Amino acid sequence: MDAIAQKVEALKSEMIGDRRFFHSHPETGWFTFFTTAVIADRMQRLGYEIKLGREVVKAEARQGVGSKDACEKAKQRAEKLLNADQIKFLDAMEDGLTGLVAQIDTGRAGKTVAFRFDIDGVDVTESTDADHRPFKEGFRSDISGITHACGHDGHITMGLALAKLIAQNLDDFSGKFRFIFQTAEEGTRGAVGMEAAGVTKGVDYLLGGHIGFQANTMRGIICGTKKLLATTKFDVSLKGKSAHAAGAPQNGANALLAAAEMALDMHGITRHADGVTRINVGVLRAGEGRNVIAPNGYLACETRGESTELNEFMKSKCMDIVEGVSKIYGVSYDVQITGGTAGGDSDEATTQLYEDAAKASPFIDDDKIVRELSFGACEDFAHFMRSVQDAGGKSGYLMIGTTLAAGHHNAKFDFDEDSLLAGVDVYLRCAYKLNGKA
């Protein structure tokens, strides 16, 4: 075990403690007040310059913000959990401007290397089964309906450990290191608002990844993720006109039938020859009574595409359907975009960087290294990745191998905490490769 691995190994107990701490206090979306404040306090103590609120989020660019009431309740919960040193960070977060950026400058010329770690949980009620380890060992979620069921508690933990190792060994490095702790990754809602505030500006390399997904064996890794799909999440609200279904149906405007036809027509959109496209209407609600022409309708929809252009093709077709069907049925409509991200591919330079680091890591087995794999799903990181690549920088997305007690977003989700060592080790080796002093 070389010096890098020894430094990582020395933090194992601390990482397990951190992971379980964040697991027990999950927050979702733009309401990650507690999580942001705790991270900000930790990073500031390590010597990083902290940016919060409007410095890292463009408020009007946010998607899927949520209600003011839910935001206030989340903030009040955070206030009860935070100590005096941490609570001071809440002022900058206003109405949910959560997430943060932390940067440290070595004072020596070099690259600006950024790492992105997502910090939100998901709307899942965690299991209380006796065999569920977080319940059995006392670190289950402390709030009903929210859980770290995707591993973001592990991502926060890796970010903090990596930041500590870089700060403690700053004399080994040149250039700058930037840590983007992103909120609202679930639902692909956060990257657009943060990128619009300039958090990736000037970045030469942006590194990020995820525990699990297709990397489902311990001591394994997927180095270069391809085909991160672009997506748009949107809600359609329909307003019709009620009438007696038997006595005067001609006086009504049936929002239920309009919603149903929209759903069927959207699923009938011709797929594109240039690549993968997807459409799903996941929720359809309408109507008020058995004998009433339905005056309202609601659809929760999403499109996906192998590229941003293909996703835009699907979205455009959906908007045509909403407009056309609304005219046919005489209903009005309102479309709200609630989330979305660009599509993209890890670039070859970053994939090679990850592969070299993985081969040098004692926490990863060479025969479990996968150079490239198509994801075929969406991840908000793609929006950051695309912005860096479009500006001439390099970026890529890896997957860290782990065994799972249950799948992502499952009530019994849990991962092997030894995978945290592999993740931090690979990221730290990349930091030395890119900005290590000669």
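Two strands are said to pair if DSSP finds at least two bridges between them, and the strands themselves (E, at least two residues), like the helices (H or I, at least four), are DSSP runs numbered from the N terminus. The model is predicted, with local features needing pLDDT of at least 70 and side-chain atom pairs counting only at pLDDT 80 or more, while totals for chains, interfaces and linings use all residues. Residues are numbered from 1 along each chain as its sequence is written, and side-chain values use heavy atoms, with hydrogens and water left out.

An open sheet of eight strands, with mixed pairing, follows the order 1-2-4-3-5-12-6-11. Its edges are strand 1 (49-52) and strand 11 (369-377), each of which pairs on one side only.

Within this sheet, strand 4 (residues 176-182) has six of its seven residues buried, that is, under 20% relative accessible area with a 1.4 Å probe and protein chains only. Strand 2 (residues 100-105) runs antiparallel to strand 4 and is joined to it by six bridges, with Phe179 as the bridge partner of Ala102. Strand 3 (residues 112-118) runs parallel to strand 4 through seven bridges; here Val113 stands opposite Phe177, and Phe115 stands opposite Phe179.

Helix 7 (residues 152-168) lies across strand 2, strand 3, strand 4, strand 5 (205-211) and strand 12 (394-400), at about 150° to strand 3, where angles run from 0 to 180 degrees between N-to-C directions and axes are lines fitted to C-alpha atoms, for helices over the stretch in contact. Helix 13 (residues 419-435) also packs on the sheet, touching strands that include strand 3 and strand 4, contact being heavy atoms within 4.5 Å.

Terms used: Buried < 20%, exposed > 50% of the residue type's maximum accessible area, 1.4 Å probe, protein only.
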